[in-house]
Amino acid sequence: TIRATVIGVGHYLPDRIVENAEFEKTLDTSDEWIRSRSGIERRHFAAEGQTTSDLGTRAAQAALADAGIAADDIDAIVLATSTADLTFPSAATMIQTNLGMTRGFAFDVQAVCAGFAYALANANALIVSGQANRVLVIGAETFSRLMDWTDRATCVLFGDGAGALVLEAQTGTGTNEDRGILATDLNSDGRYKDILYVDGGVSTHSTGHLRMQGKEVFRHAVEKLASTANASMAKIGMTADEIDWIVPHQANIRIINGTAKKLGLPLDKVVVTVQDHGNTSAASIPLALSVGKERGQIKPGDMVVTEAIGGGLAWGSVILRW
Ligand code: ACO
């Protein structure tokens with residue numbers, strides 16, 4: 001059995017840190033409101049001129065260094081993003097060039113906040129089907145570019161950043177003891193477009209801003225996240241008590257805690273970074289994996305379940321043994 005196994009992880013956050021209190025100057029809001037409703041305390045924002053591919057390149061370089069391999073050893077780059085530098089070419093090909101990589105192939109995956117689960121599932125499929133041996137899987141976003149800074153219900157929730165994993169084809173035994181990706185589960189339902197979307201795009205001659213019905217998104221999130229995690233676990237016959245770490249998409253601490261509770265997991269098995277990063281969309285899971293490893297939480301051999309939901313709605317989960 002071929003397994004797509006993590007051999008490196010890294011992340012990058014832009015220098016500028018914005019504390020909740022900074023929003024009190026321009027909006028009718030408070031640090032207390034933001035903290036208590038979302039768990040967010042601060043977020044990073046990209047500098048003017050700093051793009052998604054810049055952030056993704058830095059995270060990729062960190063992941064390659066962690067793996068101890070060169071860019072030339074990579075066969076493919078899969079970048080999860082909804083905030084590519086340009087409409088085309090893909091930001092993934094810009095990262096490819098920034099890394100000095102002239103072979104292989106690179107492409108973007110667009111599934112908003114669920115993007116990293118989608119990217120991991122795609123990278124896994126490339127590896128198990130023999131189309132690539134080593135894949136760089138990146139989540140990178142500059143959601144600050146999509147904010148309506150007059151809408152207090154959205155602009156305080158998001159941040160910029162990037163994280164990356166290096167996956168390598170390794171031979172396993174075919175059991176759940178193997179390191180690497182063990183199960184994936186992807187879902188979408190376009191009927192829910194209106195509860196979370198950007199009201200602009202190429203085909204409508206505009207860039208647009210993020211629009212969200214927060215309560216509606218919240219209502220779907222806990223239920224769908226628990227259900228996709230359970231679906232992934234069912235595919236490999238494992239139960240929640242075998243999970244070492246839940247690494248959820250970091251949107252809101254109440255969604256994160258609600259999902260853990262629904263899965264019957266104690267909060268000390270959840271990697272939480274939302275307080276420091278805000279919601280970085282497709283970047284939040286690889287950021288949390290990288291920070292979780294740095295903190296000494298995630299260790300080799302740990303059973304890790306990632307789950308995410310976002311615009312679409314699109315949602316999914318990936319189980320991997322670290
Ligand atoms: N500061 C102060 N007051 C605010 C702010 C703010 N920043 N934002 C909204 N309010 C006000 C509202 O205007 C409303 O006032 P009103 O009652 O006078 O109309 C009041 O606070 C309550 O607003 P609600 O929307 O009911 O607040 P709620 O408790 O639902 O929290 C939140 C809002 C945090 C957006 C919540 O609904 C949520 O987290 N939803 C999930 C959405 C999410 O996380 N999306 C991320 C993208 S999708 C994803 O990644 C999963």
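Colleague: What makes you say that both faces of β13 are covered?

Modeller: Look at the two sides of the strand in this predicted model. On one side sit Ala314, Gly316, Val318 and Leu320, and on the other Trp315, Ser317, Ile319 and Arg321, and all of them are buried.

Colleague: And why is strand β13 called largely enclosed?

Modeller: Just count along residues 314-321: 8 of the 8 are buried, so the strand is largely enclosed by the rest of the structure.

Colleague: How do you know that β8 and β13 pair?

Modeller: Two strands pair if there are at least two bridges between them. Strand β8 (residues 180-188) is joined to β13 by 8 bridges, and the two run antiparallel. As an example, Ile181 has Leu320 of β13 as its bridge partner.

Colleague: What links β12 to β13?

Modeller: They also pair in the antiparallel sense, over 8 bridges, and Ala308 is partnered with Gly316 in β13. The two strands form a hairpin with 3 residues between them, and in the turn Gly312 has a positive phi of about 145°.

Colleague: Let's turn to the active site. Which residues does that annotation cover?

Modeller: The UniProt annotation, from an unreviewed entry, covers Cys113, His249 and Asn279. They span 167 residues in sequence, yet no two of their C-alpha atoms are more than 8.6 Å apart, so they gather at one spot.

Colleague: Why does His249 count as buried?

Modeller: The cut-off is 20 or more other C-beta atoms within 10 Å. His249 has 34 C-beta neighbours inside 10 Å, so it counts as buried. His249 lies in the loop between β11 and α7, and among its contacts beyond four places in sequence are Cys113, Ser284 and Glu307.

Colleague: And why does Asn279 count as buried?

Modeller: Try the test again: Asn279 has 22 C-beta neighbours inside 10 Å, so it is buried by that cut-off. Asn279 lies in the loop between α8 and α9, and its contacts beyond four places in sequence include Leu157, Gln250 and Ser284.

Colleague: Last topic, the ligand. How do you know where it lies with respect to domain 1 and domain 2?

Modeller: Domain 1 (2-171) and domain 2 (180-321) both give residues to the shell around the ligand, so it lies between them. That shell has 23 residues, and the closest are Thr29, Cys113, Gly214, Phe218 and Ala251. Elements giving two or more residues to the shell are α1, α5, α6 and β12, and α6 gives the most, with 5.

Colleague: What is the make-up of the shell by class?

Modeller: The shell around the ligand has 13 nonpolar, 7 polar and 3 charged residues.

Terms used:
Residues are numbered from 1 along each chain as its sequence is written. This is a predicted model: local features need pLDDT of at least 70, side-chain atom pairs count only at pLDDT 80 or more; totals for chains, interfaces and linings use all residues. A residue is near a molecule or strand if its C-beta atom, placed from the backbone, lies within 6 Å of it. Helices (H or I, at least four residues) and strands (E, at least two) are DSSP runs, numbered from the N terminus. Ala, Val, Leu, Ile, Met, Phe, Trp, Tyr, Cys and Pro count as nonpolar, Asp, Glu, Lys and Arg as charged, and the others, Gly among them, as polar. Domain bounds come from an automatic or database domain assignment. A residue is buried if 20 or more other C-beta atoms lie within 10 Å of its own, exposed if 12 or fewer, and partly exposed in between; C-beta atoms are placed from the backbone. UniProt positions are given in the numbering used here, feature names are shortened, and annotations may be inferred rather than shown by experiment. Two residues are in contact if their C-beta atoms, placed from the backbone, lie within 7 Å.
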